[in-house]
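Trainee: I have a structure open and would like to learn how to read it. Could we go through it together?
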Amino acid sequence: MTLIIGIDPGINGGYAVWDTKGGVIAAYKMSDTYSDLVMSISSMKGNVESEKSIAYMEQLSTFMGRRAQHNALLFKSYGAWEMLCAALQIPLRLVPPKTWQEGVKVLSRPPKLIKTMSDSEQSAWYRQKKKAHKVLAARLFPHIKVTDYIADALLIAEYGRLKEAGKVF
């Protein structure tokens, strides 16, 4: 059995833990403190009899137009996850958004070049995309109250499950 962790490292992200024998164990909004995060992941890892653990995290890049403060917080969270996985000896696989979104067959690309969209068009497209992710996550995991915070983490964990099973490349 494998413990798969899906990580959406965004400021409003979350993480989901999947046990390949029993399904999703838990999904959480990103913790406010690193110590809470460490305790949560290490206790799940210790409480589940898994042969191995692996984490899949959305790969980040800087985004033009975002404030420097936003990027700094985003990469701080990203680095914290890298350190946590290293400390707990959990292999970490970085997955570009397009890859995991195509793997779980969810809306990933804007209808036209995002650079040509107005700010309001970009916002509307982003809300539509997030809604589609939440709807799919709720359909895949009906026993979990899916929120905006955990929807992508659940889908990244699902991508990890499919990848580990050899069903996506």
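Mentor: Happily! This is a predicted model, and a good place to start is E58, which sits in strand β4 (residues 52–58).

Trainee: Which side chain of opposite charge is nearest to E58, and how far away is it?
Mentor: E58 is buried, and yet it has no salt bridge. A salt bridge needs the charged atoms to be within 4 Å. The nearest side chain of opposite charge lies 6.3 Å away, and it belongs to K129.

Trainee: Which side chain does E58 join in a polar contact?
Mentor: Look for a contact of 2.9 Å between side chains. The partner of E58 there is W100.

Trainee: What about empty space: how many charged residues line the largest cavity?
Mentor: Searching the whole structure for cavities of 30 Å³ or more turns up one, with about 30 Å³ of space in it. Its lining is made of K130, K134, D148, A151 and D152, and α4 (119–140) and α5 (151–164) each supply at least two of the lining residues. Sorted by class, one is nonpolar and none is polar, and the number of charged residues is four.

Trainee: Which element gives the largest share of the lining of the second largest pocket?
Mentor: That pocket has a volume of about 280 Å³, and 13 residues line it, with M30, S31, Y34, L73 and S77 nearest its centre. Two elements give two or more residues to this lining, α1 (34–47) and α2 (68–87). By class, the lining has seven nonpolar, three polar and three charged residues. The largest share, five residues, comes from α2.

Definitions and conventions: Residues are numbered from 1 along each chain as its sequence is written. This is a predicted model: local features need pLDDT of at least 70, side-chain atom pairs count only at pLDDT 80 or more; totals for chains, interfaces and linings use all residues. Side-chain values use heavy atoms; hydrogens and water are left out. On a 1 Å grid over the protein atoms alone, a cavity is a set of points where a 1.4 Å probe fits but cannot get out, and a pocket is an open set with protein on both sides within 12 Å along at least five of seven lines; lining residues have an atom within 4 Å of a point. Grid points are joined across faces, edges and corners, and a volume is the space filled by probe spheres set on the points. Helices (H or I, at least four residues) and strands (E, at least two) are DSSP runs, numbered from the N terminus. Ala, Val, Leu, Ile, Met, Phe, Trp, Tyr, Cys and Pro count as nonpolar, Asp, Glu, Lys and Arg as charged, and the others, Gly among them, as polar. Buried means under 20% relative accessible area, exposed over 50%, partly exposed in between (1.4 Å probe, protein chains only). Lys and Arg count as positive and Asp and Glu as negative; His and the chain ends are not counted. A polar contact is a pair of N or O atoms within 3.5 Å; within protein, one must be able to donate a hydrogen and the other to accept it, and residues adjacent in sequence count only if both atoms are side-chain atoms.
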